[in-house]
Amino acid sequence: MNIAEQINAEVEKITKNKELVEAFKKDPIKTVEQTLGKALPDEELKKIVDGVKAKINFDEKASGVVDSIKKLF
C-alpha cells in the first residue's frame with residue numbers, strides 16, 4: 001500500500017468515528033499508529049499524519065462552503 005492509499009484509508013477510519021476524531025486532534029501520531037496496526041518509520045508516519053490533517057481540514061472547509069451556499073437558496 002502506498003502513502004496516498006494509507007492516507008485515504010486513515011481519513012476514512014478516523015472521520016467515521018467521533019472518538020478517533022477527538023483522539024486525532026489531541027495526538028495525531030499516536031492515533032494514526034493505533035489505527036494502522038503496524039509500525040512504520042517516523043518519516044512515513046509523519047507524511048501520513050500530514051496528509052490526514054490536510055484532507056480532514058479540506059473536507060471540513062468544503063462542507064462549510066457547501067452549507068453556506070445552501071443557505072443562499
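Is Glu10 buried or exposed? Select Glu10 to begin: at 1% relative accessibility, Glu10 counts as buried (buried means under 20% relative accessible area, exposed over 50%, partly exposed in between, with a 1.4 Å probe and protein chains only). The model is predicted, with local features needing pLDDT of at least 70 and side-chain atom pairs pLDDT 80 or more, while totals for chains, interfaces and linings use all residues. Residues are numbered from 1 along each chain as its sequence is written, and side-chain values use heavy atoms, with hydrogens and water left out.

Next, add Lys13, whose side chain joins that of Glu10 in a salt bridge at 3.2 Å, N to O (a side-chain nitrogen of Lys or Arg within 4 Å of a carboxyl oxygen of Asp or Glu). Lys13 is partly exposed, at 36% relative accessibility. Both residues belong to helix 1, 3 residues apart (helices are DSSP runs of H or I, at least four residues, numbered from the N terminus).

Now select Thr35 in helix 3, residues 28-36. Thr35 is buried at 15% relative accessibility. Beyond its neighbours within four places in sequence, Thr35 is in contact with Glu10, Lys13 and Leu20 (heavy atoms within 4.5 Å).

Leu20 leads to helix 2, where Leu20, Val21 and Phe24 meet Lys13, Ile14 and Thr15 of helix 1. The residues of this contact comprise 4 nonpolar, 1 polar and 1 charged (Ala, Val, Leu, Ile, Met, Phe, Trp, Tyr, Cys and Pro count as nonpolar, Asp, Glu, Lys and Arg as charged, and the others, Gly among them, as polar).

Finally, move to helix 4, residues 42-72, and select Glu43 and Lys47, 4 residues apart. Glu43 forms a salt bridge with Lys47, with the closest N and O atoms 3.7 Å apart. Glu43 is exposed at 58% relative accessibility, whereas Lys47 is partly exposed at 44%.

Methods: Helices (H or I, at least four residues) and strands (E, at least two) are DSSP runs, numbered from the N terminus.
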